Amino acid sequence: MVSITNLHKKFGSLVVLNGLNLQTPESGIIAVLGPNGSGKTTLIKSILGMVVPQKGEIDVNGQKVKKHWNYRKDIDYLPQIANFPGNLRVQELIDMIKDLRGKEARDRELIDLFKLEPFLDKKLSNLSGGSKQKVNLVLCFMFDSPLIILDEPTSGLDPVSLIRLRKLIQQEKAKGKTILITSHIMSFVEEISDRIVFLLEGKIYFNGTVEELKTSTGEKDFEHAIANILTENHA
Amino acid sequence: MLKILKYSFYDLSRSRWSYVYFFFYLLLGVVLLFLNNDLSNAVITLMNVIIILVPLIGTIFGVMYFYNSREFTELLLAQPVRRSSIFLGQYLGVAISLSASLILGLGLPFIIYGLFQSGAIWDFASLLISGVFLTFIFTAIAFNIALSNENKIKGFGLAILVWLFLAVVYDGLFLLSLVYFQDYPLDKFSLVASMLNPIDLSRILILLKLDISALLGYTGAVFKQFFGTGLGAFTSVFVLILWVVFPVWRIKRIASKKDF
Amino acid sequence: MGRFYFLFLFLGLTTSFQAQEIEVCKSCEVKTIQVAVDRAENGDVIRIKSGVYKEHDITIIDKSLTIIGEGLPVIDAEMEGTAISIRAEKFSIEGLKIINVGRSHTNDFAGILISNSKNFEVKNNRLDQVFFGILLENSSDGIISGNKITSNAKNQATSGNGVHLWKAEKITVKNNEIIGLRDGIYLEFVNNSEILNNLCKDNLRYGLHFMFSDQDLYRGNIFENNGAGVAVMYSKFIDMQDNQFRKNWGSASYGLLLKEINDSELKNNIFEDNTIAISADNTNRINYIENDFKNNGYAIRIRGAVYDNIFERNNFLYNSFDVAYTGRLNENKFINNYWSGYSGYDLDKDGIGDVPFRPVTLFSYLVNKTPEAIVLLRSMFIDMLDFSEKVSPIFTPADLIDEQPQMKRIQW
């Protein structure tokens, strides 16, 4: 699905990605983890073409990412911070994105799911952080693309919505999609992900299932396993 | 790109500033025409406005819009849209809406005043054409600056400095070199120097329709011969177009390399 | 005795009534004008019927004749010399059309040449393709009116003047139209004369040109698109009123050029669209009162040695430069004028601005030094420069101030 070879990215003198290689399976949920500043968001943005790497190749569904844009038709992306043009209304924003994609969308269904109906005529600048995140989720999931990238999808959500989101992600997985997730909520990651990709110093330090991670670190608990990697490397 | 342009334009058409800008011109036009009642004087005052204010507003508005629409830009970047389309669409959105405010704001009072019956229509047309060119040029410069500077304050400062340089400092240096080298033939030098700055070039194009043409004849034949002919008009417009094309090309180039 | 006297008077009258009338036409007994002139006696009338008369150097000497063209007869000089030349008293010429006067570098050929004459009138003639139009020398007490003189002057050496007066007194030139000559009207050593309501247009050099002429008046004339409108040189006591100087536009073009002229007055004239409305050089004691200067490059350009001129109640409207000086000295007075560039205020509402106005800008000084600087006209930098110079004058005459600038345009 996504194939990354020898990816290098520096911001000024700060090396963020340093020869990263990654192959994702055809379907399943992959959690991208790592300490702050390990390059998770940079990796995701490189796949989306928002960050231009200095070196390396990224293919999405066999299409090159560099200098292309059409491959993004097959990606649904949920950005980490839900920043929207403030003077648009929710409905207008949804219509605009639909218009830009020119694709069938199930926006009604998702609006119902997240109970966004009363906010449709509100300006985005007047929305709370949680409501913005819901809009963000609607925009992301309303197209039926084979690759879904979620950057911190849980931030700001109330427990009810969180449960709905989990269900939604499972449904998408069941359709055979590839889903890339970053999150700080370890229980969430442990529960839903099929594979863990752990980034450290711009490289993939670990790539395997949750179970494999636990065995390789000798920890029973997922959270401790992650902590183990970090303390070992920073000790 | 047309879709982006549509949304930028739509976004701007709801921004208060577009209306402030439009009503400012409307008021200016009405005051000049109906309180002053002298068309040639109105055109001269308008020229001062156009060569100073239009670049300033284009610069500030361009920088402001770029920084304020960062979220919109990021949203678009994840969509299947060509990168250059996003920025060119936004650029055109700003430049066209500013130009529209200018043309409508000044045009309406002039039409009501009965411009089409007046001989000043060509003076007025050259004013508007220069104004539109300056809007496109300075909005493009503003986008360049904003694209290259993440820091808003720095971007704003730089934009104002560029405006100040082209609107004032450049002419100061120009004058200084004219006075300093007055023993040499300066015809060609002043011709080239005034071509290189879009504000000076627009000013001269407007003045040629007003008072300067005879005064130019008084000084340098080269100047008058050049601007008085079709070649001069063609070259001037060509240089103005270059002033639009080069920054726009640079917007495309920076945008394709920038990380978000 | 009384009866005899009456009879005598009657006889006298009949003799004057018996003045002969000679008709000239192709089918008449007299077929050429020269023959008619030769046959005519003092006081006779020559009536020229319409037709083309190919004659030149028609000469009238010491005969008081009335020559009348009927139906605009054409005298075609076929590019050979002068059409008509006259030396006489009490004569008049009217209603003729004179064309194709010869050109020469050595002789001043003219449509009508009048010399050493008195009490005459030349009216309502049409002169076309002439070298000189009406040329007058050593004459006095004449009227030249209602003539239309046209030509196609290309360069100064091979063209002549429309109405050319040399050494004349008490001449009135009025209601003429003079288009496409070298000078429209030229006066040299002409005193006590009046130039009224003429139109001088498209002339190569000047619309009206005074040299060494004093005590003259010109009023109500229009000078348009000439090399320069009017030049007044080496003259004094010239009265200039109600004239319009327009569109004298181009390099080194003037509306009015004053050079070595003293004790004169300019009143109620309109200067519009001239490169330089008035250029003054060595002019003293001239009053400029109630004139309009509108849309000129320079309204008034003061060169050297200009003293005791007074500029009062004039309107300076949207000129690129209102007043330009070459030096820092000012011996002239500007007062009660209206300046469109004035931005002061009038708190006491007496119609006079509370802050004085400085009509000379630093920029005009700079342009004078470095002419190419004109390309910076109306730029923001120049405006700022001019403003600072106005606050504290360094280069421009500090005492050149209109202490009482008017707030409203002066109606006169």
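# Questions about a predicted three-chain model

Me: Which hand does the link of Cys25(C) and Cys28(C) have, and what is the angle about its S-S bond?
Reply: In this predicted model, the link of Cys25(C) and Cys28(C) is right-handed, with 100° about the S-S bond.

Me: What makes the pair Cys25(C) and Cys28(C) a disulfide?
Reply: The sulfur atoms of Cys25(C) and Cys28(C) are 1.9 Å apart, and a disulfide calls for two cysteine sulfur atoms within 2.5 Å, so the pair qualifies. A search of the whole structure finds one disulfide over all chains, and both of its cysteines, Cys25(C) and Cys28(C), are buried.

Me: Why is Cys140(A) called buried or exposed, and how does Cys200(C) fare by that rule?
Reply: Cys140(A) has a relative accessible area of 1%, and buried means under 20%, so Cys140(A) is called buried. Cys200(C), with a relative accessible area of 0%, is buried as well.

Me: How do you know which chains touch one another?
Reply: Contact means heavy atoms within 4.5 Å, and by that rule two pairs of chains touch, with the most contacts between chains B and C. No contact joins chain A and chain C, whose closest C-alpha atoms lie 37 Å apart.

Me: How many residues does each chain bring to the contact of chain B and chain A, and what area is buried there?
Reply: Chain B brings 24 residues and chain A brings 28 residues, while the area buried between them is about 2,400 Å², with carbon and sulfur atoms giving 57% of that area. Across this interface there are two salt bridges, together with ten residue pairs in polar contact, counting pairs with both residues at pLDDT 80 or more. On the side of chain B that touches chain A, helix H1 (2–13), helix H4 (70–77) and helix H12 (230–257) of chain B each supply at least two residues. The residues of that side divide into eleven nonpolar, two polar and eleven charged.

Me: Why is the pair Asp99(A) and Lys6(B) called a salt bridge, and what does the pair join?
Reply: The side chains of Asp99(A) and Lys6(B) meet at 3.2 Å, N to O, and the rule asks for a Lys or Arg nitrogen within 4 Å of an Asp or Glu carboxyl oxygen, so the pair counts as a salt bridge. Asp99(A) lies in helix H2 of chain A and Lys6(B) in helix H1 of chain B, so the pair joins two chains. Asp99(A) is partly exposed at 23% relative accessibility, and Lys6(B), at 44%, is partly exposed too.

Me: What makes Arg101(A) and Asp76(A) a salt bridge, and are these residues buried or exposed?
Reply: The closest N and O atoms of Arg101(A) and Asp76(A) are 3.6 Å apart, and the cut-off is 4 Å, so this pair also counts. Arg101(A) lies in helix H2 (residues 90–101) of chain A and Asp76(A) in strand S6 (residues 75–78) of chain A, so the salt bridge ties together parts that are 25 residues apart in sequence. Both Arg101(A) and Asp76(A) are buried.

Me: How do you know that Glu150(B) and Lys258(B) link distant parts of chain B?
Reply: Glu150(B) and Lys258(B) form a salt bridge, with their closest N and O atoms 2.3 Å apart. Glu150(B) sits in the loop between helix H6 (121–148) and helix H7 (152–180) of chain B, whereas Lys258(B) sits in the segment after H12, 108 residues apart in the chain. Glu150(B) is partly exposed at 47%, whereas Lys258(B), at 10% relative accessibility, counts as buried.

Me: How many salt bridges does the rule count over all chains, and which residues do shared partners join into one network?
Reply: The count comes to 35 salt bridges over all chains. Salt bridges that share partners join Arg106(A), Glu109(A), Asp144(A), Glu172(A), Lys175(A) and Lys177(A) into one network.

Me: Why is the phi of Phe237(C) worth pointing out, and what is the phi of Asn282(C)?
Reply: Most residues other than glycine have a negative phi. The phi of Phe237(C), a residue other than glycine, is near 55°, a positive value, and the phi of Asn282(C) is likewise positive, near 55°. Phe237(C) is found in strand S23 (residues 228–241) of chain C, and Asn282(C) in strand S27 (residues 276–289) of chain C.

Me: What makes Phe237(C) and Asn282(C) partly exposed?
Reply: Partly exposed lies between the 20% and 50% cut-offs. Phe237(C) has a relative accessible area of 39%, so the term applies to it, and Asn282(C), at 27% relative accessibility, counts as partly exposed too.

Notes:
Residues numbered from 1 in each chain as written. Chains lettered and ligands numbered in written order. Predicted model: local features only at pLDDT ≥ 70, side-chain atom pairs only at ≥ 80, totals over all residues. Heavy atoms only, no water. Buried < 20%, exposed > 50% of the residue type's maximum accessible area, 1.4 Å probe, protein only. Buried area = accessible area lost by both parts, 1.4 Å probe. Polar contact = N/O pair within 3.5 Å; in protein donor to acceptor, adjacent residues only side chain to side chain. Helix = DSSP H or I, 4+ residues; strand = E, 2+ residues; numbered from the N terminus. Nonpolar A, V, L, I, M, F, W, Y, C, P; charged D, E, K, R; others polar.
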